[in-house]
Amino acid sequence: MNFKIFLPYLLVMAIVTYLIRVIPLVLVKHKIKNKFFNSFLYYIPYTVLAAMTIPAIFTATGNLISAIAGLAVAIVLAYQRKSLIVVAVGACAAVFIIEGIITLI
């Protein structure tokens, strides 16, 4: 792509990104005391992470069954408060085992 074409796109993207981050800082001068709004803001990072991760989980493997098995193992291990490494390795192992079983069938 030509740099003269790319530069305006880059500048607009930078300005929009900057404004999205600066406008709340400029408009909100005091501490937010509303419990509902504070709770909403607290859970936003988890919601965004889930919205980005869940579709990738179902398309990461060649088979939907192995993806669901990996997700189920990850949920069970996370619910048991295992570490992130244990959850990731457990999910990967479940997918590996299910993919192996599927290829044998």
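Select Ser 66 first: leaving aside residues up to four places away in sequence, its contacts are Thr 61, Val 95, Ile 98 and Glu 99. The model on the screen is a predicted one. Display these four partners together with Ser 66, and then colour helix 3, residues 64–79, the helix in which Ser 66 lies. Is Ser 66 buried or exposed? Its relative accessible area is 0%, and because buried means under 20%, Ser 66 counts as buried.

**The largest pocket**

Keep helix 3 in view and turn to the largest pocket, whose volume is about 290 Å³. The lining comprises 14 residues; select Ile 57, Gly 70, Leu 71, Ala 74 and Ala 91, which are the closest to the centre of the pocket. Next, colour helix 2 (35–60) and helix 4 (84–104) along with helix 3, since each of the three supplies at least two residues of this lining. Which helix gives the largest share? That share, 6 residues, comes from helix 3, the helix that also holds Ser 66. Colouring the lining by class shows 12 nonpolar residues and 2 polar ones, with no charged residues.

**The second largest pocket**

The second largest pocket holds about 230 Å³ of space. To find it, select Tyr 46, Leu 49, Ala 50, Thr 53 and Ile 54, which line this pocket. By class, the lining divides into 4 nonpolar residues and 1 polar residue, and no charged residue takes part.

**The tyrosines of helix 2**

Leave Tyr 46 selected, as a residue of the second pocket's lining, and add Tyr 42 and Tyr 43, with which Tyr 46 forms one aromatic cluster. The model has 4 aromatic pairs by count. Begin with Tyr 42 and Tyr 43: their ring centres lie 5.0 Å apart and their planes stand at 90°. An angle over 60 degrees counts as edge-to-face, so that is the class of this pair.

Now move to Tyr 43 and Tyr 46. How is this aromatic pair arranged? The pair is tilted, with 6.4 Å from centre to centre and 55° between the planes. Both residues belong to helix 2, and they are 3 residues apart, about one turn of the helix.

Finally, show the surface around Tyr 43. Its relative accessible area is 48%; because the partly exposed class runs from 20% to 50%, Tyr 43 is partly exposed. The tour thus ends at a partly exposed residue, having begun at the buried Ser 66.

Technical notes: Residues numbered from 1 in each chain as written. Predicted model: local features only at pLDDT ≥ 70, side-chain atom pairs only at ≥ 80, totals over all residues. Heavy atoms only, no water. Helix = DSSP H or I, 4+ residues; strand = E, 2+ residues; numbered from the N terminus. Buried < 20%, exposed > 50% of the residue type's maximum accessible area, 1.4 Å probe, protein only. Contact = heavy atoms within 4.5 Å. 1 Å grid on protein atoms, 1.4 Å probe; cavity = no way out; pocket = protein on both sides within 12 Å on 5 of 7 lines; lining within 4 Å. Points joined across faces, edges and corners; volume = space filled by probe spheres on them. Nonpolar A, V, L, I, M, F, W, Y, C, P; charged D, E, K, R; others polar. Phe/Tyr/Trp six-rings, centres within 6.5 Å; stacked < 30°, edge-to-face > 60°.
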